[in-house]
Every structure is written in C-alpha cells, then in structure tokens.
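Work through the following exercises on helix packing and charged pairs, keeping the coordinates open beside the text.

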Amino acid sequence: MSDDRLIVALDVPNAIEGLQLAETLGDTVSFYKIGLGMLTGGGLALANELKQEHGKRIFLDMKLFDIGATVEAAVRGLAQFDLDFLTVHGDPHVVNAAKQGASGSDMKILGVTVLTSLDRADLDAALIQPGDVADLVLNRAARAFEAGADGVIASPQEAAAIRALPEAEGRLIVTPGVRPSGAALGDQKRVATPGKAIKDGVDHIVVGRPIWQAEDPKGAARAIIAEFET
C-alpha cells in the first residue's frame with residue numbers, strides 16, 4: 001500500500017529510466033518528483049504520462065527564480081499540465097508571481113527556503129546575510145507564507161520550528177534531506193530520518209538515491225513508509 005507522504009525523486013538521466021523505475025515501484029509509490037536534471041530528458045512528458053496514464057501525483061521541482069512577469073508566465077504555462085506541486089524560490093516577489101500564474105489551477109506553489117545541501121559556509125560564500133541557518137530558513141518560510149505560498153521546502157531540521165509559525169497553519173512542509181536509518185548522506189548536509197521528519201510536522205518527504213540506487217527499490221520504499229510509524 002502506498003503512502004503519499006513519501007515522494008520519490010526520479011533523479012535519473014531520462015524519462016525512459018524514470019518510467020522503468022516507476023513501473024518497478026508499482027503501487028508502493030503514488031507521488032513522484034521530477035526536477036531540473038530530467039527536464040532535457042523528457043521530464044515534462046514523463047510527468048504527463050505518470051499523471052494521466054498511471055494516476056500518480058507529480059511534484060515538478062523547477063525552483064523558478066526571475067522577475068515577476070517571467071515567473072508568472074512560466075507558471076501559467078506549467079499549470080496546464082495538471083501537476084500537484086511546483087517549486088519556486090521563496091522570495092516574496094517570486095512566490096506572489098507564481099501564485100498569480102497558478103490561479104485557476106489546483107497546483108500548489110512551494111517556496112524554497114535554503115537548499116538542504118547548503119550550510120553556513122556555503123551561504124557566506126554566496127554573500128547571504130550572516131546568522132544561524134535555521135533562523136534564516138524560518139524567516140524565509142514566514143515571508144513565503146505571507147506572500148501566499150501553499151507550502152515551503154526546508155530541511156527536516158527546521159521543520160518543527162516552521163510548523164510552530166502562526167503563518168504555517170494549513171500550509172505544507174516538504175522536506176528533502178531525509179535519509180533512512182543507516183543510509184549515506186550523499187550531498188545533503190541538514191538531514192533527519194523519515195520518522196523524525198514526520199514527528200516534527202512534515203507533510204511530505206522527498207527521497208531519491210536511497211530508493212533508486214537500492215538493490216530492491218520497492219523494498220527500500222516500503223521500509224521508509226514503515227519508518228513513518230516509528
């Protein structure tokens with residue numbers, strides 16, 4: 001039985017491999033993420049096929065950032081694909097424009113706070129304002145919610161604090177950077193286990209390599225779902 005709190009990231013080279021993985025996972029997984037890495041490999045076509053022919057939910061992870069008019073136009077175009085989630089950077093002008101572009105559709109706009117692969121040293125190198133990463137994430141989440149975001153993307157380490165925000169009531173928290181017990185961290189720096197993430201108020205977790213690199217992807221997905229209850 002599937003559990004749509006688990007979103008599997010199809011971070012494979014092309015749509016053919018993505019469809020093969022989805023077929024391997026079968027009814028165990030009902031929600032998939034398709035990101036920039038798949039865009040030139042048939043990602044939108046795969047999103048449409050999984051949605052329309054297989055009844056899956058789709059999270060398009062584009063992390064859009066541009067001037068408001070351009071973001072609004074891009075989101076309006078993507079909204080025609082009947083997708084479930086779309087990411088944009090959590091800057092208020094971007095979120096506001098994305099919400100206007102998604103108007104009339106059921107697509108949820110999620111604002112990215114701080115990428116889970118970044119730590120304070122990375123932010124310093126990018127000339128991002130000083131301060132604790134968790135505080136920065138919290139402030140960006142609050143501003144994204146105020147601008148109309150349906151949810152935010154944040155690491156599981158900040159999930160409980162975001163969930164406690166008054167602005168977070170009724171909004172989604174979606175977290176990459178979740179690793180099953182004993183899994184390698186890969187390029188993620190701010191991580192937690194599936195059970196801890198759910199306990200801290202996360203609505204959906206995104207997992208890629210620990211599933212599609214596993215010898216038994218379906219078994220790996222089932223183990224993560226089981227961890228939700230631990």
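**Exercise 1.** In this predicted model, determine whether Asp61 is buried or exposed, and then examine its charged partner.

*Solution.* Begin with the accessibility: Asp61 has a relative accessible area of 7%, and because the limit for a buried residue is under 20%, Asp61 counts as buried. Next, look for a partner: the side chain of Asp61 forms a salt bridge with that of Lys63, at 2.7 Å from N to O. Finally, classify this partner: Lys63, at 28% relative accessibility, is partly exposed.

**Exercise 2.** Find which parts of the chain are linked by the salt bridge between Asp150 and Lys99, and classify both residues.

*Solution.* First, the two side chains meet at 3.1 Å, N to O. Locating them, one finds Asp150 in the loop between α7 (133–146) and β6 (151–153), whereas Lys99 lies in helix α5, so that the pair, 51 residues apart, links distant parts of the chain. As to accessibility, Asp150 is buried at 17%, while Lys99 is partly exposed at 29%.

**Exercise 3.** Describe how helix α4 (residues 68–79) packs against helix α5 (residues 92–102).

*Solution.* Start from the geometry: the axes come within 7 Å and cross at roughly 35°, and the crossing is right-handed. Then list the contact residues, which include Val71, Val75 and Ala79 of α4 together with Val94, Ala97 and Ala98 of α5. Sorting the residues of this contact by type gives seven nonpolar, four polar and two charged.

How values were computed
Residues numbered from 1 in each chain as written. Predicted model: local features only at pLDDT ≥ 70, side-chain atom pairs only at ≥ 80, totals over all residues. Heavy atoms only, no water. Axes fitted to C-alpha atoms, helices over the stretch in contact; angles between N-to-C directions. Helix = DSSP H or I, 4+ residues; strand = E, 2+ residues; numbered from the N terminus. Left-handed = near helix turned anticlockwise from the far one by under 90°. Contact = heavy atoms within 4.5 Å. Nonpolar A, V, L, I, M, F, W, Y, C, P; charged D, E, K, R; others polar. Salt bridge = Lys/Arg side-chain N within 4 Å of Asp/Glu carboxyl O. Buried < 20%, exposed > 50% of the residue type's maximum accessible area, 1.4 Å probe, protein only.
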